[in-house]
Amino acid sequence: MADLAGDTDNLLRFRDDEVHDEPAMTLDSFVADPGNASAVRLEAGDDARALLPFIDRLMLVEVSFPSFRDGRGYSSARILREAGYTGELRAAGDVLVDQVSPMRRCGFDSFAPEQPIDQSVLRRSLDRYDDVYQKAADGRVPVWQRRHG
Amino acid sequence: MYKYDEYDQSIVDARVEEFRDQVQRRLAGQLTEDQFKPLRLMNGLYLQLHAYMLRVAVPYGTLNGRQMRLLAHIARTYDRGYGHFTTRQNIQYNWIKLADAPDILAELAKAEMHAIQTSGNCIRNISSDQFAGAAADEVTDPRPWAELLRQWSTFHPEFTYLPRKFKIAVIAADEDRAAMRLHDIGLQITRRDGILGARVFVGGGMGRTPMIAPEIRDFVPADQLLSYLEAALRVYNRYGRRDNIYKARIKILVHEIGADRYRDEVELEFAQVLTLGIDPPAAELARISAMFAPPAFDAVPSVPHELAAHDPDFAIWRTQNVSAHKQPGYAIVTVSLKPIGGIPGDASADQINVMADLAERYSHDELRVTHAQNIVLPHVREADLYAVWQALADAGLAEANLDLISDIIACPGLDYCSLANARSIPLAQKIATRFAPRQQDLGELKLKISGCINACGHHHAGHIGILGVDRKGTENYQLLLGGSGAEDVSLGKITGPGFDEDGIVDAIERVADRYVAERSEGERFLDTYRRIGMQPFKEAIYG
């Protein structure tokens, strides 16, 4: 089980609702006995699709980034959002400031980085691009749609 | 050619500022080198043996005179007066200062250029057929498709931290001039029932474990292509190996789980992605295609080849370096960057400017970089060929050796690269010098040299390939025969024990002699090898 108290020291949220403080279960223990649990932690190699039968009741999915180079969690986030998950989607672990922007695009709306993130650098980074080329999970209008209405 | 609109420009401009910010944070010590590395790599900045190397993207190898001139300006202002054209149709500079990199990117952005994703574990520059738009055998011009992919892959949020780098090639002809099936994904644009779409090959590549990409789908219609690629990449991002950098390319995944299972996984994902509407409307491909409309060719008569005979040197070059154009009266010129004894792919600022001038004056302001590290002037009137040749000759650019043994692909090797085990450039120089006198007689013979097992010099795909290895602290070269990166794609096989630098040149000579003795009329080296096999060459080499 993750030590959530420690992880959330640097918590950054892009949601207005209350922080869901239920401790996150591992995917294995959740799938074995979901009970009433509504918070799950996915390791980088876990199959996010295993959560799809439960997305309506889940309120927090935490996706682990053991190294900033490990990009599997980006796909986990896309899969959950594309299936209609609307709860909190948290990127936890080795999350660097320059990664918050693409992670936001993949559907993450909360961040528990191991190292604190410089707020001014983050603000500049998030405001940097007025335009994006792809339709992703964040609802931003891609350039091709601006071009063709 | 593609022309940026306000959106393209704003994205590239924002990237310059983002990178400037990242460099400042690095110089101020706010980023460790470990944290900075993936950021700079995603902008083509490598730390090499002696300095930073900056790789500038030339999307699908196409550029205009103004852009070419800018490349010369960068070479002169920020480097040592030359640049190196690469096997991914890009250009790289080997002597860049980190503090200058943001200014260089700012200059590039003004000419609609960038260094985005020219390295890093992301989707790299999309490569294509250097004869696109000029070749008679193409179904359509593949470059609008490549531009569509460039935009889709630029800062793709999900595929920026892939297990390993990812290379895509797009062609639209049966003749493969882009080594399409040696890419992570190779696309061949075809027409089926009147609809354009792509044949999709996945899992090719060179490196330590060379693989020819199997066909994963025989047809994806144009309006679903990005959805299909998104699915193909997602399966790789999720399941590609991350435990071992040498097994992290998609070819290993496809090989380990098998093409059938990979295909099934992609189909499952594709069905899901198709519901998301991520493909742009047909109007977007049409918008891009309009910018690649053929230039306004003049109705000019074809100039008979015999007219070349008045100048024998021109006649040889005309035969060797000029290819047929789809428009009567026009020709495709390949400018060799392989002078005998020179550094393959290098060009000085002056030479780059000469090529820019010639493009503007004689080639509808267009140039191409080829994966074989040459430059193409795609649309030259046959009547202008002599003038073009004279200008090239004055600039030391008229080597008549396209696809001959001295038209060598070579990686930078131990002279520049921190990964290399052996030097590539001096060996290329020796081979070119030794064989130049008889290269016309040897005919088409593609020789490729890599200074280490990572195969940047494409040795697996050489009719003759050379791999530099480290043997007990000394440079040693293995010889391979029978590879091809073309439509008759194949991987070369090692002849046997390796050689030292002089020994490998002698071994190639014995191979060449045996070929001449064995060939039948009109047979290329590769054809003879395929007909008679390795054994006669082994006997010739090892006695």
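**Reading the contacts between chains and domains**

Modeller: Let's start at the join: across the interface of chain A and chain B, the rule finds 12 salt bridges. Keep in mind that this is a predicted model.

Colleague: How should I read a salt bridge, and which residue of chain B does Arg147(A) meet in one?

Modeller: The general idea is that side chains of opposite charge can pair when their charged atoms come close. Here, Arg147(A) meets Asp8(B) side chain to side chain, at 3.0 Å from N to O.

Colleague: And what does Glu158(B) pair with?

Modeller: Glu158(B) forms a salt bridge with Arg78(A), and their closest N and O atoms are 3.4 Å apart. That pair crosses between chains: Glu158(B) sits in the loop between helix 5 (143-153) and strand 7 (168-171) of chain B, while Arg78(A) belongs to helix 3 of chain A. If you count over all chains, the rule gives 75 salt bridges.

Colleague: How do I read the size of the interface, and how much area is buried between chain A and chain B?

Modeller: People often give the size of an interface as the accessible area lost when the parts come together. Between chain A and chain B, about 3700 Å² is buried, with carbon and sulfur atoms giving 52% of that. In chain A, the residues that lose the most area to chain B are Tyr129(A), Tyr133(A) and Arg147(A), together 20% of what that side buries. You'll recognise Arg147(A) as the partner of Asp8(B) in a salt bridge.

Colleague: How many residues does each chain bring to the contact?

Modeller: Chain A brings 36 residues and chain B brings 45.

Colleague: What about polar contacts, and which elements of chain A take part in the interface?

Modeller: For chain A and chain B, the rule finds 26 residue pairs in polar contact, both residues at pLDDT 80 or more. On the side of chain A that touches chain B, the elements giving two or more residues are helix 3 (72-82), helix 4 (100-106), helix 5 (119-127) and helix 6 (143-148). Helix 3 of chain A gives the most, with six residues. Sorted by class, this side of chain A has 15 nonpolar, five polar and 16 charged residues.

Colleague: Now chain B on its own: how is it divided into domains?

Modeller: The assignment has domain 1 (6-110), domain 2 (134-289), domain 3 (305-394) and domain 4 (409-542). Take domains 2 and 4 of chain B, whose C-alpha centres lie 30 Å apart. Each of these two domains puts 13 residues into their contact.

Colleague: Can we read that one the way we read the chain interface? How much area is buried there?

Modeller: Sure. Domain 2 and domain 4 of chain B bury about 1100 Å² between them, and carbon and sulfur atoms give 70% of that area. Within domain 2, Met206(B), Arg208(B) and Ile212(B) lose the most area to domain 4, together 41% of what that side buries.

Colleague: How many salt bridges and polar contacts are there between these two domains?

Modeller: The salt bridge count is zero, and three residue pairs are in polar contact, both residues at pLDDT 80 or more. The side of domain 2 that touches domain 4 divides into seven nonpolar, one polar and five charged residues.

Colleague: Last one: in what order do the strands of the chain A sheet run?

Modeller: Six strands of chain A form an open sheet in the order 1-6-5-4-3-2, with mixed pairing. At the edges are strand 1 (12-13) and strand 2 (25-26), each pairing on one side only. Strand 4 (residues 60-65) and strand 5 (residues 88-93) of chain A run parallel, joined by six bridges. For a spot to look at, find Glu62(A) opposite Arg90(A) in strand 5 of chain A.

Terms used. Residues numbered from 1 in each chain as written. Chains lettered and ligands numbered in written order. Heavy atoms only, no water. Contact = heavy atoms within 4.5 Å. Buried area = accessible area lost by both parts, 1.4 Å probe. Salt bridge = Lys/Arg side-chain N within 4 Å of Asp/Glu carboxyl O. Polar contact = N/O pair within 3.5 Å; in protein donor to acceptor, adjacent residues only side chain to side chain. Helix = DSSP H or I, 4+ residues; strand = E, 2+ residues; numbered from the N terminus. Nonpolar A, V, L, I, M, F, W, Y, C, P; charged D, E, K, R; others polar. Domains from an automatic or database assignment. Pairing = 2+ DSSP bridges.
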